[in-house]
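User: I should like to learn how to read the features of this structure step by step. Please give the general idea first and then the case at hand.

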Protein chains: 2
Amino acid sequence: MHTSTVSRVLNGDPAQSVRPEIYQQILAVARQQGYRPNALARALKQRRVGAFAFVIPLLRNPIWVRLQRGALQRAAERGFVVMIMEEPDDDAKPPDSYRYLVEESRADGLLIATSLRIGEHADGVSIAPHVYVNRRGPRRGNNVVMDEPGAVRMFLDHVAELGHRNVALIDGPADVDTVHRRVTAARRICAQRGLTVAVLHTAATEEGGWEAAQRMLNNRARQPTACAVGSLNQLFGVLAAFRQSSVAVPDSMSVVSFDEDECLAFLEVPVTSVAMPLAELGSAAVDALITRVEGGQERDLLVRAPMTLVRRNSVGLAPR
Amino acid sequence: MHTSTVSRVLNGDPAQSVRPEIYQQILAVARQQGYRPNALARALKQRRVGAFAFVIPLLRNPIWVRLQRGALQRAAERGFVVMIMEEPDDDAKPPDSYRYLVEESRADGLLIATSLRIGEHADGVSIAPHVYVNRRGPRRGNNVVMDEPGAVRMFLDHVAELGHRNVALIDGPADVDTVHRRVTAARRICAQRGLTVAVLHTAATEEGGWEAAQRMLNNRARQPTACAVGSLNQLFGVLAAFRQSSVAVPDSMSVVSFDEDECLAFLEVPVTSVAMPLAELGSAAVDALITRVEGGQERDLLVRAPMTLVRRNSVGLAPR
DNA sequence: CTGTTAGCGCTTTCAT
DNA sequence: ATGAAAGCGCTAACAG
């Protein structure tokens, strides 16, 4: 009287055709012996591992942990484990290179959040179920992103209301997808409202922020009075540059960060930020991937969870 | 002429008893068809998955990514994949609760870097191969840690040389193992040298750092003139508190961080830090775990890679 | 209701 | 030097 019956009981077979006494007995013995079904054997049979691989750039940027957290939690809820694969920030491999995880059936699908650049992707992951997180891949239907234009609008609404007419956007390299979307949105919205916007692309590091801020300050024409900064790391550089050049925040320059982090509240001038729904992005991506794995409808996803403007002290009235 | 032969060829069977022509042919076909052995089936047979689980607290603290990076890279070099398991910082589960990953044979072993507190651990993981990373577990032989006393000494040497006699240590809760080791070392070394040391335990957050710094400043007796701070997050709070109380850094107070991060160079007063060998810690932990999985000698490990004092501007001569 | 059987894709004796 | 066969631990289809 065995193994298959046990299997049925432990998996709660829908056709619950097991005598209650046996049922209880099996459960009891299993619990008592601390029995664990071997996930490998099960996966081998069912052709489904119950695991995803999440490819992320290992950056010193707290936003990724929020994203990870959202994804890990949702995956756990839905019975999947997630293995994080590092993408070294320097020499980034094409997303393609993680396909092997699915081919070896170590993973059922791929969550891809590399620092992928536009046009950089060979269309190679297509065979394996995958979803691009916070980036758009080569094909429609596999992308889940946040409302970057909405974030930009939130920044512009806030500073325009305080009288700013000349703004700047300090952000990462132009070919990074998120950056591209923010920049495009900024240009469009500013054009509509008759604001001028300076866009400064630079490395997503403290050093990069410092350099871009210098560049902005040295440009004589139409000095911006408000600027938004793409990442927390850049923000430190930007603030340092302003400090060094004695540009007072917010009196001469208003500053908004697109990365929210608690440390912002403790800086010399607490910095206002736009808090994006990163955890929701992570969980939405997992849901989307599960849908794909189960053969569901492919479609691009815009995470609609609300963003919020976290008002601190780095934004003020436009000078003069 | 089949499957077993193919297996032999692809695994480079030591008893290389395959005719060269067949050998080449198999290799060619395999490459051409993009054949990937199914890791599951192999694992099932060999009773070894080629995967580790790394249990990490998902904190907004960049030190973890360095540790992760070290571990992931080393694991990849040695043919293992690593899945990161989140340990929610609030309600931390006992390390025991990840044993199931090994029992289900999803992982060959566990790297445990939870915010484990002293005495909190049921001795439950013992069955599964595991290694405590940057923390000491209940049993000897499974711990790999860094030289925290060395870091403390580096701080004390540096400030003592500049004439400081009263120092403080602002760090996490007393029952966190790393904190415990730093505090013990600080007390011992200070006693030896006739320095006084104030120890302030607090939450490992900006808020915690702020609170502890206030507490330190409000204590009338023997004001410290130099303090070390356990984590980057706390550091922001500490600096904010000093700023608010008009305590000049480094003129009235020297500050050293035990977390190194590039952003420290861009703060209003660039902060000196002790840079710990975190990547080496990660890779050493992986090596140790592989040793255990392969049934090798168990022993505690102290990562000996050099620490360095990153001198910036937050440390000065003792006042008066 | 429950036991028997086959097979997931691979490695590993054991024969040839 | 290679093929045949068994089996890792599980699930699913089929008998009884």
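Analyst: The dialogue below treats the chain pair, the interface, one helix and the two sheets in turn. The model is predicted, so local features need pLDDT of at least 70 and side-chain atom pairs count only at pLDDT 80 or more, while totals for chains, interfaces and linings use all residues. Residues are numbered from 1 along each chain as its sequence is written, chains are lettered from A and ligands numbered from 1 in the order in which they are written.

User: By what turn and shift can chain B be laid on chain A?

Analyst: Copies are superposed by least squares on the C-alpha atoms of residues with pLDDT of at least 70 in both. Here a turn of 180° with a shift of 0.1 Å along the axis lays chain B on chain A, at an RMSD of 0.1 Å. The two copies are thus related as by a two-fold rotation axis. In chain B, M83(B) has the C-alpha nearest that axis, at 1.8 Å.

User: How many residues of chain B are in contact with chain A, and which elements of chain B give two or more residues to that side?

Analyst: Two residues are in contact if their C-beta atoms, placed from the backbone, lie within 7 Å. By this criterion 39 residues of chain B touch 39 residues of chain A. Helices (H or I, at least four residues) and strands (E, at least two) are DSSP runs numbered from the N terminus. Those giving two or more residues to this side of chain B are α3 (39–46), α4 (63–77), β2 (81–87), α5 (99–103), α8 (206–218) and α9 (232–244). Because 100% of the interface residues of chain B are also interface residues in chain A, the copies meet through the same surface.

User: Where on α3(B) do its buried residues lie?

Analyst: A residue is buried if 20 or more other C-beta atoms lie within 10 Å of its own, exposed if 12 or fewer, and partly exposed in between, with C-beta atoms placed from the backbone. In α3(B), A39(B), L40(B) and A43(B) are buried. They cover an arc of only 95° around the axis (taken from the directions from the helix axis to the C-beta atoms), which puts them on the same side of α3(B). Their cover includes α3 (39–46) of chain A. Just after α3(B), R47(B) has a positive phi of about 55°.

User: In what order do the strands of the parallel sheet stand?

Analyst: Strands of a sheet pair through backbone hydrogen bonds, either parallel or antiparallel. Two strands count as paired if DSSP finds at least two bridges between them. In chain B, 6 strands form an open parallel sheet in the order β2-β1-β3-β4-β5-β11. β2 and β11 (301–303) of chain B stand at the edges with a single partner strand each, so one side of each is left without a neighbour in the sheet. Between β3 (109–112) and β4 (130–133) of chain B there are 3 bridges, and L110(B) stands opposite H130(B). Axes are lines fitted to C-alpha atoms, for helices over the stretch in contact, and angles run from 0 to 180 degrees between N-to-C directions. α4(B) packs on this sheet, touching β1 (51–57), β2 and β3 of chain B, at about 155° to β2(B).

User: What is the pairing in the sheet that contains β7 of chain B?

Analyst: The pairing is mixed, in an open sheet of 6 strands ordered β7-β6-β8-β9-β10-β12 in chain B. Parallel strands β6 (166–171) and β8 (226–229) of chain B are joined by 4 bridges, and A168(B) has C227(B) as its bridge partner in β8(B). Helix α6 (148–161) of chain B lies across β6, β8, β9 (254–257), β10 (272–275) and β12 of chain B, at about 150° to β10(B).
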